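Student: I have a model open and would like to understand the labels people put on it. Could we go through a few together?

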Amino acid sequence: ILSMESADPILGPADVEFWFDAGLRSVSLTHFGINTWGHGTGTKGGLYACAYPLLDALQAAGIALDVTHAADTAFWQLLDAWDGPVHASHCNCRSLVPGQRHLSDEMIRALADRGGVIGVVFAAPMLNPDWNFDNPASFSASTARRAMTAVVDHIDHICQLTGNIEHVALGTDLDGGFGREWAPTDYDTIADLQRFLSILERRGYGPADRDAIAHGNLLRFMGDVLPKGSP
């Protein structure tokens with residue numbers, strides 16, 4: 001499934017059809033800092049006026065909205081303006097690790113109420129409460145000190161808030177931008193995600209819940225988004 005992190009490559013509403021025909025099915029409007037459409041991680045502010053016609057075009061095309069990397073004000077503006085499918089492809093819990101990069105409990109509940117799925121992140125700055133995305137200097141020279149079990153803490157928190165297993169998935173964010181130093185201490189390659197399944201089981205997640213986290217919830221979400229025959 002083709003997704004886009006930061007919608008800067010989309011030139012405007014008229015450009016959405018081109019991207020949809022190319023296979024695009026999920027978009028986050030913002031990323032780090034400020035871009036064409038509004039405020040992202042590390043900034044305070046909302047969407048720009050030009051973002052709203054783009055949101056209308058994305059929704060009309062049937063593209064899902066990813067609220068990852070939206071600044072707090074922008075996050076709520078996105079939910080207010082959007083009636084279509086919404087998810088957070090790679091976010092963790094602010095209650096466990098400080099910083100605006102993470103989702104507050106209120107945000108998690110709001111996404112669950114909309115049928116969204118939250119992909120939990122394995123990257124070290126998202127797992128260590130000593131590191132704070134609002135103060136990047138707190139982790140810029142550091143290496144990972146948490147194992148994959150720390151990821152389960154975020155899964156547990158989301159499940160407790162939402163009352164079920166249906167709104168959490170894997171969103172590792174270990175696909176580039178840094179090296180082994182920011183992966184969990186017991187994670188060497190992508191193949192180690194297979195071992196994460198046994199970690200879930202040891203924490204009390206049965207086979208059905210394990211499979212929902214590993215793939216089922218995202219398959220259900222994207223299955224509702226994608227029309228039959230969609231690329």
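Student: What makes Arg195 and Asp192 a salt bridge?

Tutor: Happy to help! The term asks for a side-chain nitrogen of Lys or Arg within 4 Å of a carboxyl oxygen of Asp or Glu. The side chains of Arg195 and Asp192 meet at 3.2 Å, N to O, so the pair fits that definition. Bear in mind that this is a predicted model, where local features need pLDDT of at least 70, side-chain atom pairs count only at pLDDT 80 or more, and totals for chains, interfaces and linings use all residues. Residues are numbered from 1 along each chain as its sequence is written, and side-chain values use heavy atoms, with hydrogens and water left out.

Student: Why is Asp192 called buried?

Tutor: Buried means under 20% relative accessible area, exposed over 50%, and partly exposed in between (1.4 Å probe, protein chains only). Asp192 has 13%, so it counts as buried. Arg195, at 38%, is partly exposed.

Student: What makes Asp153 and Arg203 a salt bridge?

Tutor: Their closest N and O atoms are 2.8 Å apart. This pair links distant parts of the chain, 50 residues apart: Asp153 lies in helix H5, and Arg203 in the loop between helix H6 (193-202) and helix H7 (207-225). Helices here are DSSP runs (H or I, at least four residues), numbered from the N terminus.

Student: How do you know that Asp153 is partly exposed?

Tutor: Its relative accessible area is 36%, so Asp153 falls in the partly exposed class. Arg203 belongs there too, at 34%.

Conventions:
Helix = DSSP H or I, 4+ residues; strand = E, 2+ residues; numbered from the N terminus.
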